[in-house]
Amino acid sequence: MTKAIRIHQTGGPEVLRWEDVEVGAPGPGQIRIRHTAIGLNFLDTYHRSGVYPVTLPSGIGSEGAGVVTAVGAGVKEFKKGDRVAYASPPVGAYAEERLMPADRVVKIPAGISDRTAAAMMLKGMTAQYLIRRTYKVKKGETVLFHAAAGGVGLIACQWLKALGVKVIGTVGSKEKAALAKKHGCTWPVVYTEEDFLEAVKKITKGKGVPVVYDGVGKAVFMKSLDCLSPRGLMVNFGNASGVVDPVPPGILAAKGSIYLTRPTLITHVATRADLLATANDLFKMVKSGKVKIRIDQEYALKDAARAHADLESRKTTGSTILIP
């Protein structure tokens, strides 16, 4: 038996239970992983609350790092003792040990710790697909990135700076503004004190930005559309403030023939080749020192409910990990 966090009903952090579970031996195409660190993400709160439905009872969590303890039939890429990481379904990362499909896991390269890997796989690969594929930024451009002091935001700001892109980043406090600026955000905007739309207009001299990266959702979505230049791209990749209300297509025409997309990491790493390319690009940036992974909070895995409460109340910055 091993320990894991599970949910039997949807709701607030209080529905997270610390339970005994049976893992078993890996089947064909699977590996068994003993976690050394687990990533905390807003995605986990969506599964817990029911925004993204899961079949109950269920494990929770989609990101982890650890050591391979057994391999199933047909698995040739991994062996016992390999250090590995992942940011992929099936949910169930909040566990001391678990089984994973081998084709959803990557090896952690030398020079990157397990803790760093657990803190960056989901957020870092999200940043990669957003700025290298969803909208491939160009040197000299200025973009708007919401929640610039969050886990994805801090990674994206550093990466964008390395690519020669200037960032207008929204944050919730002066402390977070300083943090975002330290990590490459050119113009941090404290949205509780300053209208981010007015800031964008002032900085861009009324032209707007070619792309808005929005992991916040409902609270900023409609105003963000007005930050775009004609034929700009609105990228809504998260719902930290709530799910965005339905948008009549005519609004996109009225605001300058703008484009709207709702991408997911799952789609961008659906094939083994895409997963490896995305992870390797992230590993390369981190090993170069151009992107540093900031772990600002650590919780014991059994205290996952407190970690969820802190995340949802905006008490966290950077990345957060859970330790079994």
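Which residues does Ser 88 touch, not counting those up to four places away in sequence? Select Ser 88 in this predicted model and look for Ser 62, Met 100 and Arg 104, the residues it contacts. You will find Ser 88 in the loop that joins strand S6 (83-87) to strand S7 (97-101). Ser 88 counts as buried because its relative accessibility is 5%, and the cut-off for buried is under 20%.

Next, keep Ser 88 selected and add Gly 150. These two lie 62 residues apart along the chain, and their C-alpha atoms are 20 Å apart.

From there, move on to helix H3, residues 151-162. The helix has 12 residues and spans 17 Å from its first C-alpha to its last, close to the expected 16 Å. Try colouring H3 by accessibility: 10 of its 12 residues are buried, among them Val 152, Ala 156, Cys 157 and Trp 159. To see what covers them, show helices H2 (114-134), H4 (174-182) and H9 (272-288), together with strands S9 (142-145), S10 (166-171) and S16 (319-323); the buried residues of H3 pack against these elements. Just beyond the helix, click on Gly 164, which follows H3 and has a positive phi near 80°.

Last stop: the cavity. The model has one cavity of 30 Å³ or more, with a volume of about 30 Å³. To frame this cavity, select Gly 151, Leu 154, Ile 155, Gln 158, Lys 292, Ile 293, Arg 294, Gly 318 and Ser 319. Helix H3 supplies four residues, the largest share of the lining. Colour the lining by class and you will see three nonpolar, four polar and two charged residues.

Methods
Residues are numbered from 1 along each chain as its sequence is written. This is a predicted model: local features need pLDDT of at least 70, side-chain atom pairs count only at pLDDT 80 or more; totals for chains, interfaces and linings use all residues. Side-chain values use heavy atoms; hydrogens and water are left out. On a 1 Å grid over the protein atoms alone, a cavity is a set of points where a 1.4 Å probe fits but cannot get out, and a pocket is an open set with protein on both sides within 12 Å along at least five of seven lines; lining residues have an atom within 4 Å of a point. Grid points are joined across faces, edges and corners, and a volume is the space filled by probe spheres set on the points. Helices (H or I, at least four residues) and strands (E, at least two) are DSSP runs, numbered from the N terminus. Ala, Val, Leu, Ile, Met, Phe, Trp, Tyr, Cys and Pro count as nonpolar, Asp, Glu, Lys and Arg as charged, and the others, Gly among them, as polar. Buried means under 20% relative accessible area, exposed over 50%, partly exposed in between (1.4 Å probe, protein chains only). Contact means heavy atoms within 4.5 Å. The expected span of a helix is 1.5 Å times one less than its number of residues.
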